[in-house]
Amino acid sequence: MMLKRTVAAMAVLLVGPMLWAAEPGGSVRQAVPGNEAASVRSAASTRQAASVHEAAWGTAADGTPVKIFTISGHELTARIATFGARVVSIEAPDRNGRMADVVLGYDDVAQYEKDTNTYFGAIVGRYGNRIAKGTFSIDGKTYHIPLNNNGNALHGGPEGFSSKVWTARMIPDGVEMSLVSPDGDMGFPGTLTVHVRYSVEGHALRILYSATTTKPTVVNLTNHSYFNLAGDGKGSILDDVLMIPADRYTPVDATQIPTGELAPVKGTPFDFLQPTAIGARIDEDNAQLKIGGGYDHNFVLNGKPGSLHLAAKVYDPKSGRTLTVMTTQPGVQFYSGNFLDGKQHGKYGVTYEKYSGFCLETQHFPDSPNEPKFPSTLVKPGETMRSETEFVFGVRP
Ligand code: GLA
């Protein structure tokens with residue numbers, strides 16, 4: 001088994017960047033030399049494989065059974081549930097080797113199902129983030145998605161992918177979640193077949209997305225985990241130090257729809273080119289920060305879309321934990337947990353107040369279907385949309 005895996009990894013390294021090495025059923029490797037993720041991966045090729053354990057996890061309100069998968073690696077343990085294909089917990093060590101769960105979430109399916117606002121840990125889609133007035137056109141035909149956020153469609157509409165029970169199967173080091181979204185689901189054209197592969201590889205939780213369609217459609221898939229590197233429920237994230245390699249971001253209107261401008265971050269509280277505490281400027285008198293009560297904006301990543309590049313780095317001075325986010329996507333939504341309001345009662349009996357977790361949602365830009373200048377989210381029959389994101393955990397003194 002180990003030999004087979006190592007050979008598969010080597011085969012990809014030889015063939016070159018951005019190649020997916022295996023079909024469903026096999027191990028998937030994507031090699032991108034010359035960056036941190038690649039080094040995580042080469043270390044990973046000699047590391048111990050993760051073990052995967054499947055268990056029943058209650059039912060959704062309609063009676064559909066839900067499963068939960070525990071992926072236990074040497075350095076990281078992640079639990080992924082089929083309800084919303086969501087990350088329920090990630091245990092990672094602090095600078096003293098003490099493990100803690102570093103994502104927000106609930107104890108059971110009923111609580112996830114009841115909360116239609118936070119999207120804790122879920123895969124959101126078919127279009128993650130917002131579509132203005134829920135309306136867009138493809139080839140002269142106009143489509144309407146039911147509205148669920150200030151007159152706009154958010155995260156695929158009121159019954160997006162985060163509220164579906166996905167099917168799942170074990171893969172080496174992880175689990176593959178799959179969903180077939182029928183033609184017309186939440187108003188989107190085309191039957192969309194989606195696969196999301198989670199794997200624990202060394203210090204990384206790796207997520208591979210793919211989607212195919214029967215009609216031209218728009219797709220934007222992301223994971224909506226809220227991180228608190230000090231540990232779930234361990235207070236505010238405002239002291240965490242964040243770096244985002246983005247010279248520009250997409251400012252929004254009063255309903256959080258991009259104005260279409262790619263604005264420079266220079267001289268604004270959106271400049272995270274140098275590591276800066278999340279809370280350092282969050283209360284500044286800045287019109288953009290006032291709209292969502294903090295950061296809730298898409299950053300235009302400097303790296304090249306399509307190849308794995310850095311999306312963000314975060315350091316928690318309290319625990320010493322670090323999070324490095326790598327992605328093939330053009331953007332990342334940095335959301336500082338502004339709408340958490342103490343009404344969410346999470347795992348371990350904790351309550352989530354404003355700013356008790358942050359999201360780094362790697363993605364295409366919001367409202368791209370209505371912004372021809374943004375990178376396209378159109379997927380046509382015969383094409384496969386693929387993307388990759390890695391959450392890499394580490395420690396600093
Ligand atoms: C996304 C949005 C936020 C908010 C959260 C969920 O990150 O951009 O405005 O809706 O989801 O609360």
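## A walk through the sheet, the ligand shell and a few odd loops

Let's start with one rung of a ladder: Gly-331 has Gln-363, a residue of β27, as its bridge partner. This is a predicted model, so take what follows as computed from that prediction. The rung belongs to the pairing of β24 with β27, which is antiparallel and runs over five bridges. In general, strands of a sheet are held in register by backbone hydrogen bonds, in a parallel or an antiparallel sense.

Zoom out a little and you find β24 and β27 in an open sheet of five strands, ordered β19-β18-β21-β24-β27, with antiparallel pairing. β27 sits at one edge and β19 (263-264) at the other, and each of these two pairs on one side only.

Those two strands, β24 and β27, are also worth following to the ligand. β24 (331-335) and β27 (359-363) each contribute at least two residues to the shell around the ligand. The shell counts 13 residues, and the ones that come nearest are Asn-117, Thr-118, Asp-296, Tyr-335 and Phe-339. Sorted by class, the surroundings of the ligand are mixed: five nonpolar residues, six polar and two charged.

Now for the chain as a whole. You'll count four helices and 29 strands in it. Of its 397 residues, 50% are buried. If you take the contacts between residues at least 6 apart in sequence, 65% of them link residues at least 24 apart.

On to the packing. The largest nonpolar core holds 96 residues, and Ile-71, Ala-78, Ile-80, Val-175, Leu-205 and Val-332 are the ones with the most contacts inside it. Strand β14 (residues 204-213) is the top contributor to this core, giving six residues. Ile-80 makes a handy place to look around: leaving out residues up to four places away in sequence, it touches Phe-69, Ile-71, Arg-86, Val-87, Val-88, Val-175 and Tyr-198.

Next, the loops. Gly-187 is in the one that links β12 (174-181) to β13 (192-201). Why is Gly-187 classed as partly exposed? Because it has 17 other C-beta atoms within 10 Å, and a buried residue would need 20 or more while an exposed one has 12 or fewer. Beyond residues up to four places away in sequence, Gly-187 touches Tyr-143, His-144, Ile-145, Pro-146 and Gly-157. For Gly-157, the C-alpha to C-alpha distance to Gly-187 is 8.9 Å, with the two positions 30 residues apart in sequence.

Finally, some backbone geometry you may want to check by eye. Going from Gly-125 to Arg-126, the peptide bond is cis, with omega near 5°. Arg-126 is in the loop between β6 (123-124) and β7 (130-131).

Two other residues have positive phi without being glycine. One is Asn-150, with phi of about 50°, in the loop from β9 (141-144) to β10 (153-154). The other is Asp-367, where phi is near 55°, and its loop runs between β27 and β28 (378-379). Which of the two counts as buried, and which as exposed? Asn-150 counts as exposed because it has 12 C-beta neighbours inside 10 Å. Asp-367 has 27 such neighbours inside 10 Å, so it counts as buried. That second loop also brings us back to where we began, as it follows β27, the strand that holds Gln-363.

Key:
Residues are numbered from 1 along each chain as its sequence is written. This is a predicted model: local features need pLDDT of at least 70, side-chain atom pairs count only at pLDDT 80 or more; totals for chains, interfaces and linings use all residues. Two residues are in contact if their C-beta atoms, placed from the backbone, lie within 7 Å. A nonpolar core is a set of buried Ala, Val, Leu, Ile, Met, Phe, Trp, Tyr and Cys residues joined through C-beta atoms within 7 Å. A residue is near a molecule or strand if its C-beta atom, placed from the backbone, lies within 6 Å of it. Ala, Val, Leu, Ile, Met, Phe, Trp, Tyr, Cys and Pro count as nonpolar, Asp, Glu, Lys and Arg as charged, and the others, Gly among them, as polar. Two strands pair if DSSP finds at least two bridges between them.
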